[in-house]
Amino acid sequence: MRDLLRNLPVFDRPLPAFDPGDAPPDPMDLLEDWLREAIAAGVSEPHAMTLATAGPELLPDLRVLILKDLDAEGLYFASESISAKAGQLGANPQAALGFYWREQGRQIRVRGPVQPAGPEVSAQDFLARPLGSRAASLIGRQSSVLHDPAELTEALAEAQARLEADPQLVAEHHTVYVLKPMSVEFWQGDAQRQHIRLRYRRTADGWRTERLWP
């Protein structure tokens, strides 16, 4: 396996340019620019991101989820308030987010505190979801042990029936969280390994930028 992995090509394709000297003073503006470029370039699911959390035992945990929104406050994602990730965030409200766009050789790393965005934001997000997604959230058993797959099929059917009878029904535990960035790093890969890394760090006066060694 080692030889097989070693012989796989890396960055063997045209990659976009990135000049840190042209980067805006606010990392959220650059993040939005890169996201729009990824969408325009046809990157598959560019809004998918990895969320890292750690509960009171400090054991790191990872999962991939979807970026729901992006604004001056931070980055938004959704979960259930009774889920494993919500429990970890309740015990340790700090997290990291990571984007990787293979087609462009780009990564973005974001770290900062997390808090619920509020019931109105959560309700709006829930009602905008497809029926199947709302039904899954309405069940409210995320990460619980599933003893029989038939139970899931039955629970989904019951949840869909409830939603069809009441289209404005919102799952009690559906919660949108917002991560407020304290550190944001932009990473542009290079075939010659002269990778470009630009890190923003939040300070009392705004944002400070730093170039990092690859």
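Start by selecting lysine 68: with 34% relative accessibility, this residue counts as partly exposed. You're looking at a predicted model, so take the side chains in that spirit as you click around. Lysine 68 sits in the loop between strand S2 (60-66) and strand S3 (69-71).

Now add aspartate 125 to the selection. Its side chain and that of lysine 68 meet in a salt bridge, at 3.7 Å from N to O. Aspartate 125 belongs to helix H4 (residues 119-127), and the pair links distant parts of the chain, 57 residues apart. Is aspartate 125 buried or exposed? It counts as buried, because its relative accessibility is 13% and the cut-off for buried is under 20%.

**Next stop: arginine 63**

Select arginine 63 together with aspartate 61. These two form a salt bridge, and their closest N and O atoms are 3.4 Å apart. Arginine 63 has a relative accessible area of 17%, so it is buried. Aspartate 61, at 28% relative accessibility, counts as partly exposed.

**Over to the arginines near the end of the numbering**

Pick Arg199, Arg201, Arg208 and Glu210 in one go: salt bridges link them in a network. Zoom in on arginine 201 and glutamate 210, whose side chains meet in a salt bridge at 2.8 Å, N to O. Arginine 201 counts as partly exposed at 28% relative accessibility, while glutamate 210 is buried, with a relative accessible area of 16%. How many salt bridges are there by this rule? The count comes to 10.

**Switch to aromatic rings**

Clear the selection and show Phe, Tyr and Trp. A search of the whole structure turns up 7 aromatic pairs. Go to phenylalanine 11 and tryptophan 187: the ring centres are 5.9 Å apart and the planes are at 40°, so this pair is tilted. Phenylalanine 11 is in the loop between H1 and H2, and tryptophan 187 is in strand S8 (residues 183-188), so follow the chain between them in your viewer: the pair links distant parts, 176 residues apart. Phenylalanine 11 counts as buried at 8% relative accessibility, and tryptophan 187 is buried too, with a relative accessible area of 13%.

Then move to phenylalanine 186 and tyrosine 200. What kind of pair do their rings make? With centres 5.8 Å apart and planes at 75°, the pair is edge-to-face. Phenylalanine 186 lies in strand S8 and tyrosine 200 in strand S9 (residues 196-203), so the pair ties together parts that are 14 residues apart in sequence. Both phenylalanine 186 and tyrosine 200 are buried.

Widen the selection to Phe18, Trp34, Phe186, Tyr200 and Trp207, and you have a cluster linked by ring pairs.

**Stay on phenylalanine 186**

Show everything that phenylalanine 186 touches. Leaving out residues up to four places away in sequence, the list includes Phe18, Pro27, Leu30, Leu31, Trp34 and Gln107. It also includes Ile108, Ile196, Arg197, Leu198 and Tyr200.

Phe186 is also one of the residues with the most contacts inside the largest nonpolar core, which has 31 residues. The others to highlight there are Leu75, Phe77, Trp101, Ile108 and Val110. Which helix gives the most to this core? Helix H2 (residues 27-40) does, with 6 residues. Apart from that core lies another one, of 7 residues; Phe126, Ala135, Leu138 and Leu169 are among them.

**Out to the surface**

Turn on the surface and select Met1, Leu4, Leu5 and Leu8. They form a nonpolar patch, with about 460 Å² of accessible area together. Leucine 4 is part of helix H1 (residues 2-6), and at 54% relative accessibility it counts as exposed.

**Zoom all the way out**

Finally, select the whole chain and colour by secondary structure: you should find 6 helices and 10 strands. The C-alpha trace spans about 55 × 50 × 40 Å along its principal axes. Of the 214 residues, 38% are buried. The accessible surface comes to about 12800 Å², and 52% of it belongs to carbon and sulfur atoms. For a contact map, take the contacts between residues at least 6 apart in sequence: 65% of them join residues at least 24 apart.

How values were computed: Residues numbered from 1 in each chain as written. Predicted model: local features only at pLDDT ≥ 70, side-chain atom pairs only at ≥ 80, totals over all residues. Heavy atoms only, no water. Patch = residues over 30% accessible without salt bridge, like charges linked within 9 Å, V, L, I, M, F, W, Y side chains within 5 Å. Areas by Shrake-Rupley, 256 points an atom, 1.4 Å probe, with all protein chains shown as cover. Salt bridge = Lys/Arg side-chain N within 4 Å of Asp/Glu carboxyl O. Helix = DSSP H or I, 4+ residues; strand = E, 2+ residues; numbered from the N terminus. Buried < 20%, exposed > 50% of the residue type's maximum accessible area, 1.4 Å probe, protein only. Core = buried A, V, L, I, M, F, W, Y, C linked by side-chain atoms within 4.5 Å. Contact = heavy atoms within 4.5 Å. Phe/Tyr/Trp six-rings, centres within 6.5 Å; stacked < 30°, edge-to-face > 60°.
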